[in-house]
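Q: Hi! Could you walk me through this structure with me? I'd like to hear about its empty spaces and how its chains meet.

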Amino acid sequence: MGEMEQMKKEAEALKTQIEAARKAAHDTDMASAASGVAPAPRVQLKTRRTLKGHLAKIYAMHWCTDNRLMVSASQDGKLLIWDSHTGNKVNAVPLKSSWVMTCAYAPSGNLVASGGLDNMCTVYNLKTPVIKTVKELDAHTGYLSCARFLSDTEILTSSGDTTCVLWDLETGKQKTVFLNHVGDCMCLSLSPDMNSFVSGACDSLAKLWDIRDGQCKQTFQGHTSDINAISFYPSGNAIITGSDDCTCKMYDIRADQEVISYQDAALNSGVTSLDLSASGRLIFAGYDDFNCNIWDSLKGEKVGVLSGHDNRVSCTGVPGDGMCVCTGSWDSFLKIWN
Amino acid sequence: MARDMSDKDILKMELEQLQKEVKNTREPVSKTAKEICEWVEAQSAEDPLIKGVPEDKNPFKEKGGCIIT
């Protein structure tokens with residue numbers, strides 16, 4: 001038997017073993033375990049702000065840890081920093097490349113980052129008298145799909161080149177390359193304790209990584225198409241994913257498997273983005289059909305919808321204090337709801 | 001980077017990952033799901049998007065209207 005045939009045979013045997021172990025742990029599912037939980041109230045949120053300023057599709061947004069400022073990125077070639085309370089634009093950062101796909105706010109509020117089809121992650125200092133580019137992180141061989149700061153000195157990126165990378169912002173060099181996906185990495189989410197992160201990719205898998213040792217610890221299957229959105233559950237022991245297969249799923253980290261799927265026969269649009277309310281009870285998922293659907297994460301039921309955008313909802317974000325949810329769209333507007 | 005790898009190298013990478021993951025311990029869903037529910041229920045009481053935000057405490061309440069001094 002050829003070497004490759006031998007390896008394939010061994011891989012199949014291991015997959016069968018893993019499935020058996022997962023099945024043995026699957027003595028119930030989340031909806032059944034949550035049968036005693038009181039239903040979530042019907043959620044009716046109003047648009048409190050419509051932020052107008054971008055001139056083209058919005059691709060990403062991210063809240064600052066002060067729960068007030070936010071950064072948004074549009075293919076009009078700008079990052080805009082907004083004061084969500086007043087609705088005013090605080091800063092505009094012109095981008096060298098307008099093909100932006102992601103943006104991020106550093107926890108300190110000092111830096112923001114952007115990246116996209118230029119394959120680079122560019123970091124800007126907002127606190128200098130004139131906003132300055134402080135680093136251009138240039139080593140990915142594919143588009144930058146997502147970026148998240150750990151601090152002012154470290155940032156994590158995911159790329160169409162199938163890798164995620166931890167960068168040292170002082171040297172501008174890669175510290176760790178996380179290689180295990182076999183499809184474009186589309187999204188990432190840091191764990192609450194910042195020791196690990198999860199990534200979602202076009203290979204329809206989500207992977208859990210140890211930031212410090214660079215190893216992939218767990219792989220979650222179940223989706224049948226690209227995973228575009230991912231978030232750690234606030235408790236730190238589950239993750240929520242959103243996919244082009246039109247479903248969102250919760251994967252339980254300790255049971256190492258899918259425990260509930262959020263789907264509806266009437267929904268046949270892909271999920272573009274998602275975020276969770278402060279307790280994790282509500283999932284806000286943006287879809288290609290211009291809506292953001294609200295799911296009860298424990299019972300799997302749809303409990304509300306945010307309608308108001310005239311094009312695809314491309315990004316969704318709940319600030320750290322959970323006081324609202326922001327949606328961004330290809331219609332060029334951001335809306336704040338609560 | 002997986003794009004530059006040969007089919008054989010990709011298979012080797014997948015096999016090595018499976019060899020690691022087969023050793024993971026898995027806890028029963030009945031235990032882990034229950035703990036997630038308990039955690040969420042405890043936090044829900046203070047979740048602004050579930051309990052609602054009172055108008056006077058809402059930083060995003062609609063602007064406008066007159067102030068009579």
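Q: Which strands each supply at least two residues of the lining of the largest cavity?
A: Those are strand 7 (111-116) and strand 8 (121-125) of chain A. Keep in mind that this is a predicted model.

Q: And where does the largest share of that cavity's lining come from?
A: From strand 7 of chain A, which gives three residues.

Q: Cool, can you tell me which residues line the largest cavity?
A: Sure! Going along chain A, the lining has L95(A), K96(A), S97(A), W99(A) and V100(A), then S114(A), G115(A), G116(A) and D118(A), and finally T122(A) and Y124(A). Sorted by class, four residues of this lining are nonpolar, five are polar and two are charged.

Q: What volume does the largest cavity have?
A: About 60 Å³. The count of cavities of 30 Å³ or more comes to one.

Q: Switching to pockets: how much space lies in the second largest one?
A: The second largest pocket holds about 400 Å³ of space. It is lined by 20 residues, and the closest to its centre are K15(A), L205(A) and Q221(A) from chain A, plus E14(B) and L18(B) from chain B.

Q: Which elements give two or more residues to that pocket's lining?
A: Helix 1 of chain A and helix 1 (7-21) of chain B. The largest share, seven residues, comes from helix 1 of chain A.

Q: What's the mix of residue classes in the lining of the second largest pocket?
A: There you get seven nonpolar, four polar and nine charged residues.

Q: OK, now the interface. How many residues are in contact between chain A and chain B?
A: On the chain A side, 80 residues are in contact with 49 residues of chain B. The residues of chain A that lose the most area to chain B are M7(A), R48(A) and R254(A), together 13% of what that side buries.

Q: How much do the two chains bury between them?
A: About 5,100 Å², with 65% of it on carbon and sulfur atoms.

Q: And how many salt bridges are there across the interface?
A: Five by the rule used. One of the salt bridges links K8(B) with E3(A), where the closest N and O atoms are 3.0 Å apart. Polar contacts between chain A and chain B come to 22 residue pairs.

Q: Which helix of chain A gives the most to the side that touches chain B?
A: Helix 1 (residues 3-25), with 13 residues. That side of chain A divides into 36 nonpolar, 26 polar and 18 charged residues.

Key
Residues numbered from 1 in each chain as written. Chains lettered and ligands numbered in written order. Predicted model: local features only at pLDDT ≥ 70, side-chain atom pairs only at ≥ 80, totals over all residues. Heavy atoms only, no water. Contact = heavy atoms within 4.5 Å. Buried area = accessible area lost by both parts, 1.4 Å probe. Salt bridge = Lys/Arg side-chain N within 4 Å of Asp/Glu carboxyl O. Polar contact = N/O pair within 3.5 Å; in protein donor to acceptor, adjacent residues only side chain to side chain. Helix = DSSP H or I, 4+ residues; strand = E, 2+ residues; numbered from the N terminus. Nonpolar A, V, L, I, M, F, W, Y, C, P; charged D, E, K, R; others polar. 1 Å grid on protein atoms, 1.4 Å probe; cavity = no way out; pocket = protein on both sides within 12 Å on 5 of 7 lines; lining within 4 Å. Points joined across faces, edges and corners; volume = space filled by probe spheres on them.
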